[in-house]
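Here's a quick walk through one protein model, helix by strand by core. Have the viewer open as you read.

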Amino acid sequence: MLAGLDGSETVLHHGVRVLRRRGPGAPQLPSDQTEFIARIGSDDLRTQFVPLGQDAFLAASFAERWSTVAEATLALYHGVKPPTLHLKEPNSAWQAESSPFVFHTAAAPWAVEPAERVAGVSAFGFGGTNFHVVLRAYTQAPPAHSLDAWPAELFTFRGRDAEAARRSVRALGDLLREGGRWRLRDYARSAARRSDRAAVRGERVWIAVVADSLADLPELLKRAAEGEHAPEAGIHAADGVAGAPGAGVSGRSDGRAGDATGKLAFLFPGQGSQRPGMLAELFVAFPELQRYLQLGARWAGIPHPPAAFGEQGKAGQLARITDTAVAQPALGMVELAAAELLASVGVRPAMAAGHSYGELVALGVAGALSSQDVITASAERAEAILARTAGGDPGTMAAVTASTEQVEEVLRLAGLGGEVVAANRNSPAQTVISGPTELVDAAVARLRDAGHSVKPLQVACAFHSPLLAGAGDAFAERLDALTVYPPVFDVWANRTTEPYPADPAGVRAGLAAQIGSPVRFAEQIESMYAAGARVFAEVGPGRVLSRLVSAVLGDRPHRTIPLDGGRSGALSGFERALREAVEQAARRCTVLLIAHRLSTVTGADQIVVLEHGRVRGTGTHRELVEADVLYRELAASQMLVGDDGEDGNDGDESGGAGAGGPVEDPVPVIQ
């Protein structure tokens with residue numbers, strides 16, 4: 001915070017993390033002031049993390065100045081670092097290497113405890129009257145979400161039969177035709193209340209509709225009421241809906257046909273999928289998830305860094321998050337949060353797996369390790385790997401467009417077998433080799449001579465090769481200090497292509513042995529498919545595993561659901577994953593999980609488990625997991641959507657898939 005405290009001295013207030021400057025006149029500060037600000041903190045305060053924002057427009061009115069105070073207050077409350085608008089290049093006086101100030105061009109999570117968030121606002125008047133405000137957040141429960149509205153809303157329609165569900169669709173259509181000042185989220189909330197009442201009666205979901213805008217909703221409802229099934233348009237009809245074109249037919253996410261009804265599997269990406277800004281939208285939209293970033297406070301700023309300017313700045317950020325010592329705990333924080341978000345709306349897996357490092361996260365989500373111990377083990381796993389390669393050749397890796405059998409034959413004929421190994425057996429057409437640098441270079445040449453396409457990879461070391469065999473022993477010693485529990489659902493191992501054993505000693509041994517063993521991903525997916533998995537959700541950044549699954553399974557019925565929406569954003573990916581979950585649940589929903597809605601979910605909320613309308617168990621999520629109720633006795637509830645089942649709860653109840661914030665006005669009522 002820049003404040004002339006005695007009329008002459010200007011200081012930087014200790015602890016300030018966000019500074020916003022708006023004022024009348026030119027959009028830029030005078031050069032001497034800019035240079036002065038750029039130097040602030042360069043000595044004793046240079047370690048301060050201080051985002052600096054300056055909006056390039058006139059803000060002469062009282063209302064505009066107070067809007068900035070409101071913006072800072074909301075940033076503190078939601079734990080979101082606000083972006084600086086219209087910024088392409090910072091002022092030339094700003095030096096990235098020495099200035100404590102940074103810029104954000106997109107909203108980013110503020111991953112510290114609320115009481116550590118401090119913001120400053122300065123307003124400079126024409127007549128020399130200046131105002132300066134320093135704000136600090138206080139310790140409080142995080143808000144459930146920070147958005148006023150979602151990019152899309154989910155509408156689910158239940159009934160005793162398909163026709164009853166269609167009557168609910170028509171009722172909402174009638175309400176729309178009555179008009180009014182309602183928004184999309186208001187109609188979604190109204191539909192959710194009706195769906196909640198039906199859920200308590202044990203009625204299943206028959207129809208789900210996803211609408212991006214209020215203008216699109218009437219036509220979508222009309223088509224749904226007529227029995228249409230058009231997933232690409234956002235209209236989903238469950239199997240058995242009479243007259244639904246395509247009812248009973250589903251397929252891969254790319255539209256290939258086939259009956260994909262089956263169990264849900266979570267897949268967790270490994271090192272290589274990380275990138276700056278990964279899934280940042282989810283942490284901004286759902287501040288409750290930031291507790292996972294706080295578990296790894298020493299790395300919290302690296303996954304979601306400030307804006308980088310120029311190729312050098314971007315390369316530096318990428319290098320920091322690619323470092324094995326950072327990449328693994330960073331992926332752990334993000335993937336644990338993503339799994340928690342899906343669980344908070346009732347989407348839980350029947351089984352899980354991870355690619356390489358991701359296996360550790362999968363075990364954490366299955367309850368074998370606490371979230372904090374997952375982050376601790378992530379750091380220790382990375383340390384064990386790096387210690388093994390320190391001071392010598394770390395080795396390297398290369399991706400080959402060929403089957404494992406083809407690759408191993410070339411390596412055998414070249415006399416390289418046993419030293420250069422097929423480390424990642426990803427799909428029938430992709431194998432990654434690993435080993436000492438000089439020998440891998442020789443293998444690359446031989447493979448190319450044999451007609452195979454080969455791409456050397458930029459990696460820290462030769463992962464999953466004999467070079468790292470000793471790292472497993474070191475990691476085993478670290479794991480002995482952590483408490484390990486039996487997984488509450490099956491986690492399939494890269495090394496054996498079978499589920500991890502239920503005993504803690506077996507879990508520790510498997511994690512340690514995995515470091516120096518090949519990742520048999522293609523065989524692993526085949527084994528999971530044989531066990532009933534048909535829907536594979538990639539819970540983490542990127543879409544690599546989704547593509548590999550489809551390469552392994554080919555035309556066989558299955559679906560892949562990457563949580564990362566790619567260019568459309570993480571929120572879009574989450575919405576799509578939830579939509580797919582609702583549709584899949586509607587196919588076989590004989591068991592219903594009724595839980596508090598997204599806006600009120602916490603670890604201590606009560607959950608009621610119903611089977612055919614009869615209560616089977618109650619308690620907190622943790623209690624039910626420990627009692628093995630959710631994952632063993634009620635194995636049919638692999639993909640469910642949480643409802644609060646309360647018609648009269650006007651608290652923070654959200655509409656549809658969690659509408660944007662509480663609705664203060666009355667909502668339209670479907671009778």
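What follows covers a helix, two cores, a strand and one serine.

First, the ground rules. This is a predicted model, so local features need pLDDT of at least 70 and side-chain atom pairs count only at pLDDT 80 or more, while totals for chains, interfaces and linings use all residues. Residues are numbered from 1 along each chain as its sequence is written, and side-chain values use heavy atoms, with hydrogens and water left out.

**Helix α3**

Helices (H or I, at least four residues) and strands (E, at least two) are DSSP runs, numbered from the N terminus. Take α3, residues 162-178: with 17 residues at 1.5 Å a residue it should span 24 Å (1.5 Å times one less than the number of residues), and its end C-alpha atoms sit 25 Å apart, which agrees. At its start, a side-chain oxygen of D161 comes to within 3.3 Å of the backbone nitrogen of E163, a polar contact (N or O atoms within 3.5 Å, one able to donate a hydrogen and the other to accept it; residues adjacent in sequence count only if both atoms are side-chain atoms). After the helix comes G179, with a positive phi near 75 degrees.

Plenty of α3 is buried (under 20% relative accessible area, 1.4 Å probe, protein chains only), including A162, R166, V169 and L176. Among the elements covering those buried residues are β10 (153-159) and α4 (184-200).

**The cores**

A nonpolar core is a set of buried Ala, Val, Leu, Ile, Met, Phe, Trp, Tyr and Cys residues joined through side-chain atoms within 4.5 Å. The largest one has 80 residues, and F266, L282, F286, L511 and V539 touch the most other members. Its largest share, 11 residues, comes from helix α9 (residues 324-344). A second, separate core of 23 residues includes V169, L184, Y187 and L221.

**Strand β15**

Five of the six residues in β15 (residues 263-268) are buried. Its pairings (at least two DSSP bridges between two strands) look like this:

| Partner of β15 | Sense | Bridges | Opposite residues |
|---|---|---|---|
| β22 (residues 533-538) | parallel | five | A265 and F536 |
| β16 (residues 351-354) | parallel | four | F268 and G354 |

**One serine**

Is S378, in helix α11 (residues 371-389), buried or exposed? S378 counts as buried because its relative accessibility is 0%. Leaving aside neighbours within four places in sequence, S378 is in contact (heavy atoms within 4.5 Å) with Q328, P329, Y357 and L360.

Definitions and conventions:
Buried means under 20% relative accessible area, exposed over 50%, partly exposed in between (1.4 Å probe, protein chains only).
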